[in-house]
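Biologist: Could you walk me through this model slowly, giving the reason behind each term as we meet it?

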Amino acid sequence: MKRARIKTVLPIILLITAILAGMVILVANGYRRYQRTAYPLRYTDLILQYSDTYGITPSLVCAVICVESHFQPDAASHAEAIGLMQLTADTFHWAQTRAGVMEKQDAEALTDPETNIRFGVYTLKLLYEQFDDTETVLAAYNAGQGNVRRWLADTQYSADGVHLDRIPYAETEKYVERVKKAQTIYRKLYALH
């Protein structure tokens, strides 16, 4: 009697297990698809090329692009920042000058993905030359170098004058957190370092 019950129950258990396993796979694939929509990846060759050229982690570049423009090359902000990495005309001019570019391009060139990624990544490199850690670099990318230098000089924001303990601009604080979260996702989702 027990054997007969086991013979009838076992196929049901196996069927339920298979259904549950299939549901787990569907949910995992759906979530991965959602993540790839929320955290897209385009212009990979350019990102890898300029990340390598300037020594910046590709996952950080992808995270900045995602947060800044969601990979839209013609994005423009209320602060007149343009393109994938949302550079202003002043930042673009500064980066071109620091790169030794003789014939400077106008800000309209920032809608070109290669130009924007090249000078956006180069701007990150220049900020790393001035600031010690990624969070401070991201704060400077968002709020400007002058603001970050003032914050580092103020003990209410920095105990050591090198790292920010607190960011006084809520928008910049959220920006840094969003980029850090996106970088973690780009590392896992696309196996970028």
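**Helices, crossings and a loop**

Modeller: Let us start with H5 and H6, whose axes come within 9 Å and cross at roughly 125°; the axes are lines fitted to C-alpha atoms, for helices over the stretch in contact, and the angles run from 0 to 180 degrees between N-to-C directions. This is a predicted model, in which local features need pLDDT of at least 70 and side-chain atom pairs count only at pLDDT 80 or more, while totals for chains, interfaces and linings use all residues. Residues are numbered from 1 along each chain as its sequence is written, and side-chain values use heavy atoms, with hydrogens and water left out.

Biologist: Why are H5 and H6 called oblique to each other?

Modeller: Angles under 35 degrees count as roughly parallel, over 145 as roughly antiparallel, 65 to 115 as roughly perpendicular and the rest as oblique. The crossing of H5 and H6 is at roughly 125°, and the two helices are therefore oblique. Their crossing is also right-handed, a word used if the near helix is turned clockwise from the far one by less than a right angle, with left-handed for anticlockwise.

Biologist: Which residues make the contact of H5 with H6, and what is their character?

Modeller: Gly120, Thr123, Leu124, Leu127 and Tyr128 of H5 meet Thr134, Val137, Ala140 and Tyr141 of H6, where contact means heavy atoms within 4.5 Å. These residues divide into six nonpolar, three polar and no charged, given that Ala, Val, Leu, Ile, Met, Phe, Trp, Tyr, Cys and Pro count as nonpolar, Asp, Glu, Lys and Arg as charged, and the others, Gly among them, as polar.

Biologist: How do you know how many helices and strands there are in the protein chain?

Modeller: They are DSSP runs numbered from the N terminus, helices being H or I of at least four residues and strands E of at least two; on that basis the protein chain has eight helices and zero strands, in the pattern α-α-α-α-α-α-α-α.

Biologist: What makes the span of H5 close to the expected one?

Modeller: The expected span is 1.5 Å times one less than the number of residues. H5, residues 113-130, has 18 residues and reaches 26 Å from its first C-alpha to its last, close to the 26 Å expected. H3 fits in the same sense, with 12 residues reaching 16 Å, close to the 16 Å expected.

Biologist: Why is H3 described as mostly covered?

Modeller: A residue is buried under 20% relative accessible area, exposed over 50% and partly exposed in between, with a 1.4 Å probe and protein chains only. By that test 11 of the 12 residues of H3 are buried, including Pro58, Leu60, Ile65 and Ser69. Across the protein chain, buried residues make up 39% of the 193 residues. H5 has buried residues too, among them Pro113, Phe119 and Leu126, and what covers the buried residues of H5 includes H2, H3, H4, H6 and H7.

Biologist: What makes H3 oblique to H8?

Modeller: The axes of H3, residues 58-69, and H8, residues 170-190, come within 8 Å and cross at roughly 125°, an angle that makes H3 oblique to H8. The contact is made by residues including Ser59, Cys62 and Val67 of H3 and Tyr175, Ala182 and Arg187 of H8, and the residues of this contact divide into 10 nonpolar, two polar and three charged.

Biologist: Is serine 69, in helix H3, buried or exposed?

Modeller: At 7% relative accessibility, serine 69 counts as buried. Leaving aside neighbours within four places in sequence, serine 69 is in contact with Ala75, Gly83 and Leu84.

Biologist: What is notable about phi of histidine 70, and how is that residue classed by accessibility?

Modeller: Most residues other than glycine have a negative phi. Phi of histidine 70 is near 50°, a positive value. Histidine 70 is in the loop between H3 and H4 and is partly exposed, with a relative accessible area of 31%. Phenylalanine 71, in the loop between H3 and H4, has a positive phi near 65°, but at 1% relative accessibility phenylalanine 71 counts as buried.

Biologist: Why is isoleucine 82 called buried?

Modeller: Isoleucine 82 has a relative accessible area of 19% and is therefore buried. Isoleucine 82 is in the loop between H3 and H4, and its C-alpha is separated by 7.7 Å from that of alanine 107, 25 residues apart along the chain.
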